[in-house]
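This report describes the fold and interior of one protein chain. Please consult the sequence and the structure alongside the text.

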Amino acid sequence: MSNVLNRDSRTKPTPQQTPAGDGGLAPTFVLALGTFAVGTDAFITAGFLPAMAHSLHVSTSAAGQSVTLFAAAYAVLSPVLATLTARLPRRALLVGALTVLGLANLLSALAPNYPVLMVSRIIAAAGAAAYTPNAGAVSAALVRTELRARALAVVIGGLTIATALGVPLGNVAARWTSWRIAFGGVAALCMLCAVGVFLVMPRLPGAGRVPLRTRLAMLRRPGVLAVLPLTTLGMAACYTAYAYSVPALGAVGVPGSAMVLMLFLYGLGAVVGNLLAGQATDRVGAVRVLTVGYAVMALTFAVLAWMAATSTRDLTALVGVLAFTWGASSWCQTPPQQHRLIAAAPQEAPLVVSLNSSGIYLGIGLGTVIGGLSLSSGLGLTYALGAVLAVVALVWLVVTARAADVRTTEEEGR
């Protein structure tokens with residue numbers, strides 16, 4: 001992988017790949033502010049899903065499909081918006097995307113019924129789809145090659161910190177105020193982050209417009225084709241239960257008084273897993289990091305499935321540990337996966353990061369649908385399906401990584 005990146009350093013970079021500043025990590029923290037806003041929007045819903053369902057007079061499963069719709073719209077819109085906005089200056093694009101996201105959350109807060117809420121989530125997905133992949137691509141362009149995985153981890157760290165804070169805050173809002181106030185708070189946060197990005201981000205030009213057909217043709221590259229399905233599988237595994245985390249944690253004996261703590265432990269695990277994954281990828285390689293992550297995820301869900309199926313109680317401390325490993329194994333995926341994609345197509349970093357974001361949200365939507373369909377059969381099954389998907393992801397990783405090693409050996413032999 002490092003050889004691929006080194007070969008890339010000898011080629012002429014595109015405008016988006018030209019570092020601005022000293023190549024250090026500092027500018028990427030500004031981008032992380034925006035991904036924090038995006039993540040808060042995406043993750044806060046899980047904290048108040050039952051309350052929102054009750055207010056809108058729909059089932060918890062139906063309310064959960066707002067997450068599915070957001071994810072599906074994101075997956076479809078990400079490559080389309082990347083094509084339409086390719087020539088826009090990066091700062092203007094990022095600020096505009098955060099503004100759209102803020103307005104969409106305001107509409108969610110004011111939604112009088114379920115259909116209006118669903119429309120607002122599509123608009124929010126458009127803002128998120130325009131922001132997140134471009135933030136990732138710009139972060140990779142702003143730093144030296146050897147810091148690329150860590151820069152990606154910092155930007156994705158905004159999402160994971162939002163997980164640590166957003167879901168517990170959503171649960172607190174449902175208990176003390178309302179889910180509408182929570183969405184209003186997210187709208188204000190998005191606008192604040194837009195101002196911050198505008199004031200601090202350096203000017204970066206857009207790139208030449210790449211047709212959508214060319215972007216999708218990237219899927220035919222063997223390296224990209226091996227990596228992207230894994231992104232979808234891995235995210236589907238961890239999101240099978242995540243969108244329904246409040247009832248899911250209740251099924252393993254977590255009392256209402258401890259729910260915020262458990263959600264916070266999940267988020268803390270997400271932050272730690274993401275940051276450690278970025279550093280470990282630079283040191284030991286992406287495949288090893290992902291192997292450990294999927295193994296931990298499968299074991300975590302297997303234990304939770306056993307606890308839910310057997311109605312095990314009075315093991316709140318164990319659930320806290322499992323919530324932490326659930327978050328860590330979920331969010332250790334993104335830095336190594338993005339690193340693998342950029343290594344597979346170094347000249348097309350913005351394209352592959354955009355496609356990876358689509359894969360992430362396609363997995364979120366798929367996992368949420370699977371989880372929603374399994375709710376009526378018990379949350380033990382929901383957890384078990386997450387464990388199965390984690391094992392499938394691990395098998396996919398092992399098989400495709402081995403095939404890549406074989407191809408590399410054959411090429412070196414020639």
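## Asn-356, a buried residue of helix H16

Asn-356 counts as buried because its relative accessibility is 1%, under the 20% cut-off. This residue is found in helix H16. The model is predicted, and the values given here are computed from it.

Beyond its neighbours within four places in sequence, Asn-356 is in contact with five residues: Leu-228, Thr-231, Gln-337, Gln-338 and Leu-341. One of these partners, Gln-338, also belongs to the lining of the second largest cavity.

## The second largest cavity

The second largest cavity holds about 80 Å³ of space. Its lining consists of Phe-43, Tyr-74, Thr-132, Ile-156, Leu-159, Trp-331, Thr-334, Gln-338, Ser-357, Ile-360, Tyr-361 and Ile-364. By class, eight of the lining residues are nonpolar, four are polar and none is charged.

Which helix gives the largest share of this lining? Helix H16 does, with four residues. Helix H7 (148–176) and helix H15 (334–344), like H16, each supply at least two residues.

## The largest cavity

A search of the whole structure yields three cavities of 30 Å³ or more. The largest has a volume of about 100 Å³. Around this cavity lie Asp-41, Ala-42, Phe-43, Thr-45, Ser-66, Val-67, Phe-70, Arg-121, Tyr-239, Tyr-361 and Ile-364. Two or more lining residues come from each of helix H2 (26–43), helix H4 (60–84) and helix H16 (349–374).

The lining of the largest cavity divides into seven nonpolar, two polar and two charged residues. Phe-43, Tyr-361 and Ile-364 are among the residues that line the largest cavity, and they also appear in the lining of the second largest cavity.

## Ala-124 in helix H6

Is Ala-124 buried or exposed? Ala-124 has a relative accessibility of 0% and therefore counts as buried. Its place is in helix H6, which covers residues 114–142.

Leaving aside neighbours within four places in sequence, Ala-124 is in contact with Asp-41, Phe-70, Leu-101 and Ala-104. Of these partners, Asp-41 and Phe-70 also line the largest cavity. Ala-124 and Val-38 lie 86 residues apart in sequence, yet their C-alpha atoms are 8.9 Å apart in space.

## Helix H3 and the residue that follows

Helix H3 comprises twelve residues, 45–56. Its end C-alpha atoms are only 14 Å apart, whereas a straight helix would reach 16 Å at 1.5 Å a residue.

The buried residues of H3 are Thr-45, Ala-46, Gly-47, Phe-48, Leu-49, Met-52, Ala-53 and Leu-56. One of them, Thr-45, also contributes to the lining of the largest cavity. Just after H3, His-57 adopts a positive phi of about 60°.

## The chain as a whole

The protein chain contains 17 helices and zero strands. It has 414 residues, of which 57% count as buried. Among contacts with a separation of 6 or more, 88% join residues 24 or more positions apart.

The protein chain exposes about 16,200 Å². Carbon and sulfur atoms supply 69% of that area.

Note on methods. Residues are numbered from 1 along each chain as its sequence is written. This is a predicted model: local features need pLDDT of at least 70, side-chain atom pairs count only at pLDDT 80 or more; totals for chains, interfaces and linings use all residues. Side-chain values use heavy atoms; hydrogens and water are left out. The expected span of a helix is 1.5 Å times one less than its number of residues. Buried means under 20% relative accessible area, exposed over 50%, partly exposed in between (1.4 Å probe, protein chains only). Contact means heavy atoms within 4.5 Å. Accessible areas come from the Shrake-Rupley method with a 1.4 Å probe; for residues, only the protein chains shown count as cover. On a 1 Å grid over the protein atoms alone, a cavity is a set of points where a 1.4 Å probe fits but cannot get out, and a pocket is an open set with protein on both sides within 12 Å along at least five of seven lines; lining residues have an atom within 4 Å of a point. Grid points are joined across faces, edges and corners, and a volume is the space filled by probe spheres set on the points. Ala, Val, Leu, Ile, Met, Phe, Trp, Tyr, Cys and Pro count as nonpolar, Asp, Glu, Lys and Arg as charged, and the others, Gly among them, as polar.
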